[in-house]
Amino acid sequence: MLELKDVHTYYGNIHALKGISITVNDGEIVTLIGSNGAGKSTTLRTIQGLIRPRSGSIVLDGIALDKVAPHKVAELGVAQSPEGRMIFPRMTVLENLEMGAYARKEKSGFQQDLDRVFSLFPRLKERITQKGGTLSGGEQQMLAMGRALMAHPKILLLDEPSMGLAPILVELIFDTIVAINKEGTTILLVEQNALMALSIANRGYVIQTGEIIMSDSAASLKSNEMVQKAYLGIE
Amino acid sequence: MESIKKKINLRRLGTLAITLYIVFLIGPIAGLDVPAIAAAIKANPLQLVQFLIIGISNGAIIAIIALGYTMVYGIIELINFAHGDVYMIGVFTSLTVLSVTGTLDSKDPVKIILGLILALVIAVAFCAALNASIERLAYRRLRNAPRLAPLISAIGMSFIVENVGLMWAAQAWLVPSFGTTGGASQKVFPDMIGALFKATGFNGGDVNLFASTDIALRLTAKDVLVIVLAVALMIGLYLFVQRTTLGKAMRATAQNRDAAKMLGINIDWVITATFLIGGGLAGAAGLMAGLYNNTAWWFMGFRAGLQSFTAAVLGGIGNITGAMLGGFLIGLLASFSDGYLNARWTNAWVFATLVLILLFRPTGLLGEQTGQKA
């Protein structure tokens with residue numbers, strides 16, 4: 001479904017991604033784990049078209065994403081819950097969700113998707129008229145994910161959905177990710193919380209200083225000695 | 001924590017004391033003579049209402065121009081210095097349309113009304129296109145450059161547009177009343193509303209609506225026109241920004257450009273639309289100001305721009321309601337200063353008020369705290 005082939009991305013002169021190749025198949029949860037500054041968010045930003053790769057290709061269902069205008073990427077079915085959530089602080093919860101559906105051509109499914117988001121995150125429904133900036137961190141994370149779902153994407157990119165959340169909320173968020181996936185949305189999940197990520201993913205990639213150093217099924221990555229040492233905190 | 005707050009409060013009180021001291025020191029020179037003002041109000045209380053009317057009319061025009069500053073700043077954090085000059089072009093565009101269509105010499109009320117509507121439409125369209133072209137030409141490529149670069153570029157555009165106005169004001173073949181003295185002098189913008197009243201004979205042909213009554217007030221049809229048109233534009237803009245998809249996309253882009261991009265919003269188009277709307281408003285303000293003040297001058301955009309920019313900052317730059325509020329406040333302040341203080345010191349009073357308000361509310365009256373991007 002989504003295929004990155006030898007993608008190189010630069011920030012000015014800094015070589016951030018040094019030839020990343022990732023494949024995400026239809027219906028999968030694929031996770032990209034790695035430490036701070038390894039290039040996880042850069043990978044997602046590159047897929048979304050916010051940064052252009054200097055070389056390599058990004059193909060979604062046969063369409064080269066790196067060749068279309070950045071705002072068309074969302075129209076083609078890529079939605080993201082970004083790092084730091086990036087909700088619109090002075091717009092209401094409902095307006096935030098409406099903006100999520102901006103790229104959709106058929107507006108008919110809007111109400112249905114809104115109901116779906118509210119059934120996944122009942123808390124958002126209670127806060128519907130509240131300004132995004134007044135929500136708690138967990139609620140903002142739900143809003144960011146809900147907003148991405150409103151685009152009815154083919155593939156959902158999740159960037160650190162567990163960051164800064166209380167453990168009980170982290171579990172709720174991960175349960176919801178599984179539920180979203182079961183409803184048929186393909187997911188590429190970026191996480192520092194490697195243990196949680198690997199326990200719900202089908203496959204995983206390990207990224208280090210801009211390079212993929214390992215890729216395997218989630219189960220075998222979890223039992224890999226090197227991964228355990230570096231990312232799972234198991235000695 | 002508590003003691004720091006106390007310290008800040010003390011410091012603010014100190015600032016206030018110094019400011020008040022200066023106000024009372026310089027105030028009398030600048031016309032602040034409380035007993036004299038009180039006596040003037042007592043002698044003629046109706047005059048207060050008169051200055052209120054003048055203040056609101058002028059404030060309405062300032063507010064409409066201020067909207068253009070605040071919308072552009074809200075979305076790309078740039079002070080569009082050329083904006084005041086786009087407004088000046090609006091004055092000249094409408095004057096030229098009125099002249100070319102023969103409306104200026106017309107005695108036919110229908111023709112005058114049609115001419116005015118045409119002038120409004122063309123001034124709005126032309127200024128919208130001009131403002132968007134300025135963005136395309138001078139700002140877009142500098143969007144990711146250091147902040148000073150587009151600022152200097154904006155000042156440059158301001159000079160260029162001013163010189164276009166200077167040349168325009170010399171084209172007597174377009175508007176015969178420009179004369180042969182060149183473009184530098186102030187030109188007359190004929191009183192079309194007065195002409196309309198004379199043509200219809202409505203209200204005895206007098207533009208002052210209180211002319212035939214005993215009330216010693218001057219509320220002209222021009223005041224009513226300016227206020228009604230301005231308020232209609234404000235309501236329209238507010239609904240547009242709150243309700244429509246493009247309006248929401250504008251707010252989203254202003255609040256978080258990267259997130260807006262991710263959601264598939266075409267940032268370039270949203271910014272162009274913002275400049276189109278701001279320019280269109282400036283064009284409408286141009287016609288309103290021409291009809292109201294009856295002058296057209298190539299340099300008029302500078303002062304109007306300064307006042308409107310002040311209004312935008314006073315209300316909280318980036319905030320649309322704030323710009324409207326700031327515009328009316330500055331109009332009223334200027335009118336009362338002209339009337340009761342000292343007209344020569346009006347700008348000083350306006351800016352002193354701005355300084356005082358910013359000392360206590362650095363984000364402006366309705367400005368929101370920045371940095372709440374959670």
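# Exercises on a predicted two-chain model

In this predicted model, the buried residues of helix 6 of chain B pack against three elements of chain B: helix 4 (83–100), helix 5 (109–139) and helix 12 (300–315). The exercises begin with this helix.

**Exercise 1.** Compare the reach of helix 6 of chain B with the expected span, and list the buried residues of the helix.

*Solution.*
- Step 1. Helix 6 of chain B covers residues 148–168, a run of 21 residues.
- Step 2. At 1.5 Å a residue, 30 Å is expected, and the distance from the first C-alpha to the last is close to that, at 30 Å.
- Step 3. The buried residues are Pro150(B), Ser153(B), Ala154(B), Met157(B), Ser158(B), Val161(B), Glu162(B), Gly165(B) and Trp168(B).
- Step 4. For reading such a list, recall that an α-helix has 3.6 residues a turn, so residues three or four places apart point the same way.

**Exercise 2.** Decide whether Ser153(B) counts as buried or exposed, and find its contacts beyond four places in sequence.

*Solution.*
- Step 1. Ser153(B) belongs to helix 6 of chain B.
- Step 2. The cut-off for buried is under 20% relative accessible area.
- Step 3. Ser153(B) has a relative accessibility of 18% and therefore counts as buried.
- Step 4. With neighbours within four places in sequence left aside, Ser153(B) is in contact with Ala138(B), Tyr139(B) and Leu142(B).

**Exercise 3.** Classify Leu130(B) by accessibility and describe its surroundings.

*Solution.*
- Step 1. Leu130(B) sits in helix 5 of chain B, one of the helices against which the buried residues of helix 6 pack.
- Step 2. Partly exposed lies between the limits of 20% and 50%.
- Step 3. The relative accessible area of Leu130(B) is 22%, so Leu130(B) is partly exposed.
- Step 4. Apart from neighbours within four places in sequence, Leu130(B) touches Val86(B) and Ile89(B).
- Step 5. Ala260(B) is 130 residues away from Leu130(B) along the chain, and their C-alpha atoms are 26 Å apart.

**Exercise 4.** Repeat the analysis of Exercise 1 for helix 8 of chain B, and state what covers its buried residues.

*Solution.*
- Step 1. Helix 8 of chain B has 23 residues, 221–243.
- Step 2. Its C-alpha reach of 32 Å is close to the expected 33 Å.
- Step 3. Ala221(B), Lys222(B), Asp223(B), Val226(B), Ala230(B), Met234(B), Leu237(B) and Val241(B) are the buried residues.
- Step 4. Their cover includes helix 3 (45–76), helix 7 (192–200), helix 9 (245–255), helix 11 (267–293) and helix 13 (320–340) of chain B.

**Exercise 5.** Test each chain against the compact-globule rule, then set out the chain totals.

*Solution.*
- Step 1. Chain A has 235 residues, for which a compact globule would have a radius of gyration near 18 Å; the value of 17 Å therefore agrees.
- Step 2. For the 374 residues of chain B the rule gives a radius near 21 Å, so the 22 Å of chain B agrees.
- Step 3. The totals are as follows.

| Property | Chain A | Chain B |
|---|---|---|
| Helices and strands | 10 helices and 10 strands | 14 helices and two strands |
| C-alpha span along principal axes | about 45 × 40 × 30 Å | about 70 × 60 × 40 Å |
| Residues counted as buried | 54% | 45% |
| Accessible surface | about 9,600 Å² | about 17,600 Å² |
| Part of that surface on carbon and sulfur atoms | 51% | 69% |

- Step 4. Chain A carries 24 positive and 25 negative side chains, with the centres of the two sets 5 Å apart.
- Step 5. In chain B, 26 positive and 16 negative charges have mean positions separated by 9 Å.

Technical notes. Residues are numbered from 1 along each chain as its sequence is written. Chains are lettered from A and ligands numbered from 1 in the order in which they are written. This is a predicted model: local features need pLDDT of at least 70, side-chain atom pairs count only at pLDDT 80 or more; totals for chains, interfaces and linings use all residues. Side-chain values use heavy atoms; hydrogens and water are left out. Helices (H or I, at least four residues) and strands (E, at least two) are DSSP runs, numbered from the N terminus. The radius of gyration is taken over C-alpha atoms; the globule rule is 2.2 Å times the number of residues to the power 0.38. Buried means under 20% relative accessible area, exposed over 50%, partly exposed in between (1.4 Å probe, protein chains only). Accessible areas come from the Shrake-Rupley method with a 1.4 Å probe; for residues, only the protein chains shown count as cover. Lys and Arg count as positive and Asp and Glu as negative; His and the chain ends are not counted. The place of a charge is taken as NZ of Lys, CZ of Arg, CG of Asp or CD of Glu. The expected span of a helix is 1.5 Å times one less than its number of residues. Contact means heavy atoms within 4.5 Å.
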